[in-house]
Amino acid sequence: MTDLEYFKLSKPEKMLRSVGGFFARLPKGIWNGIKKLGLFIAAIVKGIGTNLADLVTTFKNGDWKTRLSYLIMGFGSCARGQWGRGILFFLFQTVFNMYMFFPNAQFSGCYYLGKLSTLGTIETYKEGRRTVYGDNSFFILLYGVLTLFFIAAFIYTWRMNIKQNRISEQLLKNGHKLKTTKDDVASLMDEQFHKTMLALPTLGVTIFTILPILFMILVAFTNFDATHQPPSKLFTWVGWDNFNQLLSTDTASYGDTFRHVLLWTLIWAFFATFLNYFLGMLVAIMINKKGIKLKKMWRTILVMTIAIPQFVSLLYVSKMFAADGLINTYLMKWGWISSPLPFWTDPTWARVTIIVINVWIGIPYLMLIATGILMNIPADLYESARIDGANAFQMYKKITLPYMLFVTGPYLLTSFTGNINNFNVIFLLSQGKPLSLQLSGNAGHTDLLITWLYKMTVNDTNYKLAAVMGILVFVVTAVINLIVYNMIPSVKNEEDFQ
Amino acid sequence: MKKLLAILLCAAMLLGMVSLASAEGYSGDLKIWVAEAVVDFTKEQVEAFKTAHPEYAGMNVTVEAVGEGDAASKVITDVTAAADLFGFAQDQLARLVTAGALEEVEPGNAEIVKAENDAGAVGAVTLGEKMYAYPLTSDNGYFLYYDKSVVSDPSDLDAILADCEKAGKSFYFEINSGWYQTAFFFGAGCQLTFDTDNDGNLVKMNSTYASEEGVKALKAMIKLSKSPAFMNGSSFSTATNPGAIVDGTWDSTAAKDAFGDNYAAAKLPTVDGWQLGGFGGFKMLGVKPQEDEAKLGACDALAAYLSSEEVQMARYNAVGWGPSNMKVQKSDAVQADVALAALAEQLQYTIPQGQYPGEYWSLATGLGDDIIAKKYDDLDDAGLMDVLKTFEATCEGYLTK
């Protein structure tokens, strides 16, 4: 199909084509993905191969200093006068060895590594009335993973140590001088400054972000729950059982509840994002309009909702809508209703109430953002539109909305993701209630995945399922983000508003 | 050679000291978690304990406020950092035992506890044949607080509702709680209990919810939920305009403040002639498993002391907690307490609350929420029976496999 033919199509046909195109490209995309993965694996295998080959040739061709460095890290560097590097290498090796072979077996890396496959076998027992704790599965898993990280770091450093020997040897052979420790330090402050700056953050991210995430992912494959609670009880690996329990539809599983909660999570995220977006924009446009008086006052009133902490306002509003709250009491007093409206007790009512209340707290933010952007739209665009005879709605559709979407596209995406994980609003308003016999695992009709996860960890100490849920929340948000990211105008038509 | 001898002698002395210490008391740290209301009281009693037992006088005891509802979760989450003694409500017992977070009661103390406390309390601290905690109170039950100027006849549910409707007041009953809900089911003649083995695992369910009586109870709840005066709730702090409320002794001060001179309390009302039942509940003190025998001895002694007759009496006088000790229950002061008297009257229609799976409570909330959301309003008896059958089957699914 040529461009000309494409432009002749009607709107729905164009849309159909682009959706169809997505699915037509899908098999090829998947195939490409597999191919890339294959190439990636091949590259890794090849990388290992070359590294091994290099290790062998370096050993064969190297002098005795280099060869001894295979055993004692940093020996070569020291022997060639690069004391700083050599000592650092040696220190690292010493620390590593001390950690791995610590005399008190309970604290050594080898101990944790050895138990990692079972997560502990020694049960807690009693000696008279005294309690003697056995293996602690939690620490075994945590330090086991840490040990793996440490080993990987060690292998990398060891390899680096040998590479340095080879390079130094080469340089000396060619008559160059080696860098002294002083040169090294100077270089870390100069051309290698990025390494100095990034060392601490990288270490921090590894220990405080990557390690916990990995730990949590691994917990999803164990039976760590209320009845397998360290230090008194052991837990162990169970493979994919937890995923099965959360997703399958057997009576004892959470499959139906999970789908129910997931669907509501998506519905909620959709409304919470787009309803707020359009209503906020509308309010901003209204306040921005020429001829509206007391603009500042209107804005201030709206911004007041931001000024009051959500913990206060939401808890208060939640109480206001209760069966014996302000709203129901007054409606009944005035004789408008005979029995309280089921704001929090009926599933559908509760969901609508939550979305509406969220509009109330969400509009001010959007209004602030939109006000700034609206003022930025060149006035001559509107002027020429008016000369051409466009009405207000046409101008909104053709000028305001495209401009807004272009600028706020990424914001929309992040706020959608944020709403999927919008713990505060749901938990402060309804705590996920009402519950129902149709839902299992303590989940309620207004529970999001994230609030359900919270209940699982805090109320039921069901860490294994909570971990699985954490992974699934990530999958859901990642998939949605990837699809939507490629669709937003800010990415697609980068030049439009330059 | 001399050196070696010296070392040996030193070692022998040290060993001697260690063994002495275990026989002679304990002087390290010890942490206690109790509810906010009794922190000061507990501190005073710990001092009294130290005076009475000089071998523990050197002990460094810290008392922290952790509510009975949170204690179990906090202990289970991190046993190592948890308090050595902690107060909790008996519905948490099985959970704590299965997590290995409770030490058995020292056999000598167990005999005393058995002899001095009421049967319900003793049953509540026992799993299988083992006793796991020291009973502190037997006042964790609910009954009716009412406003004398509003409710004329507190003995019949329909009459209470009619009075409240007439006066424009509300009647609070938390039917979406697994705890309050049993008032209807047990009152109608149903049964729901779980048998546990010695390790706290739930091994068998005894339930007659899916029966004519169950349907009767469910219908009564549905009828109650339809009354305009009905409000779901059980706390004075959140109740607006209550005429009557089903609540426990912990709210007696709030009840007196709210109703003033019209403050009154009674057993739960009857529904169509049958008496509402429910749970009798207990607060207890648990000891965390200890790696140090001397410390365990100190914990045992202190727990026994804090649950003894004198301290229960003092606790009633200080904060008004209803005692589980039978002698204290018979004392004049306790006998004259309006709320405790109403509770005592109600307790004869209740069963001591045993062990329930954690999931039971949310399941019961689900059932209550469904009633309030009017999901069952149009169901006939067969339909209601199906609901109860599902409830029962789900409950059975919670047993330890």
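**View 1. The two domains of chain A in the predicted model.** In this predicted model, the domain assignment splits chain A into domain 1, residues 62-239, and domain 2, residues 255-492. Their C-alpha centres are 45 Å apart. Where the two domains of chain A touch, domain 1 contributes ten residues and domain 2 contributes nine. The domain 1 side of this contact in chain A holds six nonpolar residues, three polar residues and one charged residue.

**View 2. Helices α11 and α15 of chain A.** Helix α11(A) spans residues 255-288, and helix α15(A) spans residues 347-376. Their axes lie 6 Å apart and make an angle of about 45°. Angles from 35 to 65 degrees fall outside the parallel and perpendicular classes, so α11(A) and α15(A) count as oblique to each other. The crossing of α11(A) and α15(A) is right-handed. The contact between α11(A) and α15(A) comprises 19 nonpolar residues, six polar residues and one charged residue.

**View 3. Where chain B meets chain A.** Chain B brings 34 residues to this contact, and chain A brings 33. Five helices of chain B each supply at least two residues of its side: α3 (68-77), α4 (93-98), α11 (293-306), α16 (358-372) and α17 (381-396). Helix α16(B) gives the largest share, eight residues. By class, the chain B side has 14 nonpolar, 15 polar and five charged residues.

**View 4. The two domains of chain B.** Each domain of chain B is assigned two segments: 25-138 and 282-341 for domain 1, 142-277 and 357-396 for domain 2. The C-alpha centres of these chain B domains are 30 Å apart. Their contact draws 13 residues from domain 1 of chain B and eleven from domain 2 of chain B. On the domain 1 side, α4(B) and α15(B), residues 338-347, each supply at least two residues. Helix α4(B) supplies the largest share of that side, four residues. The domain 1 side of chain B divides into six nonpolar, four polar and three charged residues.

**View 5. A mixed sheet of chain B, from β2 to β6.** This open sheet has five strands, in the order β2-β1-β3-β17-β6 of chain B. Its pairing is mixed. The edge strands are β2(B), residues 60-65, and β6(B), residues 133-137, and each pairs on one side only. From one strand to the next, the twist averages 25°. Inside the sheet, β1(B), residues 29-34, and β3(B), residues 85-89, pair in the parallel sense over two bridges. There, B:W33 stands opposite B:F86 of β3(B).

**View 6. Helices lying across the β2 to β6 sheet of chain B.** Helix α2(B), residues 39-52, lies across β1 and β2 of chain B. The direction of α2(B) makes about 165° with that of β2(B). Helix α3(B) lies across β1, β3 and β17 (283-287) of chain B. Helix α3(B) runs at about 120° to β3(B). Helix α3(B) also supplies at least two residues of the side of chain B that touches chain A.

**View 7. A second mixed sheet of chain B, from β11 to β13.** Five strands form this open sheet, in the order β11-β8-β12-β7-β13 of chain B, with mixed pairing. Strands β11(B), residues 230-231, and β13(B), residues 263-266, stand at the edges. Each has a single partner strand, so one side of each has no neighbour in the sheet. The partner of β13(B) shown here is β7(B), residues 142-147; four bridges join the two strands, which run antiparallel. B:L144 stands opposite B:A266 in β13(B). Helix α7(B), residues 157-167, packs on this sheet and touches β8 (170-172) and β12 (242-248) of chain B. The directions of α7(B) and β12(B) make about 135°.

**View 8. Helices α16 and α17 of chain B.** The axes of α16(B) and α17(B) come within 10 Å and cross at roughly 165°. Angles over 145 degrees count as roughly antiparallel, so α16(B) and α17(B) are roughly antiparallel to each other. Their crossing is right-handed. B:Y360, B:L363 and B:L367 of α16(B) meet B:F391, B:T394 and B:C395 of α17(B). Five residues of this contact are nonpolar, one is polar and none is charged.

Technical notes:
Residues numbered from 1 in each chain as written. Chains lettered and ligands numbered in written order. Predicted model: local features only at pLDDT ≥ 70, side-chain atom pairs only at ≥ 80, totals over all residues. Domains from an automatic or database assignment. Contact = placed C-beta atoms within 7 Å. Nonpolar A, V, L, I, M, F, W, Y, C, P; charged D, E, K, R; others polar. Axes fitted to C-alpha atoms, helices over the stretch in contact; angles between N-to-C directions. Parallel < 35°, antiparallel > 145°, perpendicular 65-115°, else oblique. Left-handed = near helix turned anticlockwise from the far one by under 90°. Pairing = 2+ DSSP bridges.
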